[in-house]
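Biologist: I'd like to learn how to read a model like this one. Could you walk me through it, beginning with the ligand?

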Amino acid sequence: MDLQGKRVVVLGGSSGMGLATAQAVVHQGGHVVIASRSEEKLKKAQEQIRKNVEIITLDVTNEHDMENFFQKIGKFDHLVSTAAGGPTGNFLDLPIQDAKKTFAAKYWGQYFAAKYGAPFIKDGGSITFCTGVLARKPAKGFSILSTINGGIEALARALAVELSPIRVNVVSPGIVDTPLYDKMSSEEREDYFVSIANQVPVKRVGKPEDVAEAFLYLMTNSFTTGTTLHVDGGYSLV
Ligand SMILES: NC(=O)c1ccc[n+]([C@@H]2O[C@H](COP(=O)([O-])OP(=O)(O)OC[C@H]3O[C@@H](n4cnc5c(N)ncnc54)[C@H](OP(=O)(O)O)[C@@H]3O)[C@@H](O)[C@H]2O)c1
């Protein structure tokens, strides 16, 4: 997985799986541009990554800012998008405005990234989106994420054809221990992770590094496109 001298853009690279991916890219000799909304998180991530890292504040829901972002950074090799967030809730209760906020970040954010980023991707480059196990394994209260994830997986297959020879793939994580769960109390988090670990075939929740390996594989394997790589410990099977 040689990324020597490659320039990789990671939207959502200030935390969790995006940060682990940025660290892994630099470890393999690449340079990263990481972007997210919080300058504080970006600076902390920059300290952790230590070298070959540029930080840029960006809200992926803002189409105009996304277009400017890619014009500003210029040519690069690989695009990774893990930025997401927004409300979830039971289908009949979740206000449409809230559903649209979640769509704005995880669906439209990735759509804008591909649309405005693709023209700057060098020969041999790739786009890797991030979805999640909810596309295949629904759970009550998360229909909006099932919808978005399924839509992004379909978008990736379509773009693998339309943006060829740029390769377009998806990483679909299962339950992974990241700051996404910081809203839970430590007890709630522990209980949730233990209950998931008991259910999944690999008997543990994921680490951000597990998912980073998948992003690196999809960036560097030049024969893989239009694929969704499930890195979920088998959760979608049970
Ligand atoms: N963790 C899991 O169990 C799990 C399971 C399945 C799927 N996923 C998916 O995996 C991806 C990564 O999640 P994670 O667990 O690594 O989460 P995380 O640690 O919370 O990281 C999310 C990143 O996205 C950025 N972000 C959020 N909204 C943004 C916006 N509007 N514009 C720009 N950046 C934004 C955040 O930074 P700022 O706050 O600075 O903007 C942060 O860097 C997401 O797509 C998530 O849905 C996670």
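Modeller: Sure. This is a predicted model. Start with polar contacts, that is, pairs of N or O atoms within 3.5 Å. Here an N or O atom in the side chain of T178 sits 2.5 Å from an oxygen atom of the ligand.

Biologist: How much of the ligand does the protein bury?

Modeller: The protein buries 92% of the 890 Å² that the ligand exposes when taken alone.

Biologist: What are the distances from ligand oxygen atoms to S14 and G16?

Modeller: For S14, an N or O atom in the side chain is 2.7 Å from a ligand oxygen. With G16 it's a backbone N or O atom, 3.4 Å from an oxygen of the ligand.

Biologist: And how many residues surround the ligand?

Modeller: There are 28, and the closest are S15, R37, K41, T178 and Y181. Sorted by class, that shell has 12 nonpolar, 12 polar and four charged residues.

Biologist: Let's turn to the strands. Why is strand 5 described as largely enclosed?

Modeller: Think of a residue as buried when its relative accessible area is under 20%. Strand 5 covers residues 121-130, and seven of its 10 residues are buried, so the rest of the structure largely encloses it.

Biologist: Which strands pair with strand 5?

Modeller: Strand 4, residues 76-81, runs parallel to strand 5 and is joined to it by four bridges; F76 has I121 as its bridge partner. Between these two strands the chain passes through helix 4 (residues 96-117), giving a right-handed β-α-β crossover. Strand 6, residues 167-173, also pairs with strand 5 in the parallel sense, over five bridges. There, T128 stands opposite N169.

Notes. Residues are numbered from 1 along each chain as its sequence is written. This is a predicted model: local features need pLDDT of at least 70, side-chain atom pairs count only at pLDDT 80 or more; totals for chains, interfaces and linings use all residues. Side-chain values use heavy atoms; hydrogens and water are left out. A residue is near a molecule or strand if one of its heavy atoms lies within 4 Å of it. A polar contact is a pair of N or O atoms within 3.5 Å; within protein, one must be able to donate a hydrogen and the other to accept it, and residues adjacent in sequence count only if both atoms are side-chain atoms. Accessible areas come from the Shrake-Rupley method with a 1.4 Å probe; for residues, only the protein chains shown count as cover. Ala, Val, Leu, Ile, Met, Phe, Trp, Tyr, Cys and Pro count as nonpolar, Asp, Glu, Lys and Arg as charged, and the others, Gly among them, as polar. Buried means under 20% relative accessible area, exposed over 50%, partly exposed in between (1.4 Å probe, protein chains only). Two strands pair if DSSP finds at least two bridges between them. A crossover is right-handed if, with the strands pointing away from the viewer, the path from the first strand over the helix to the second runs clockwise.
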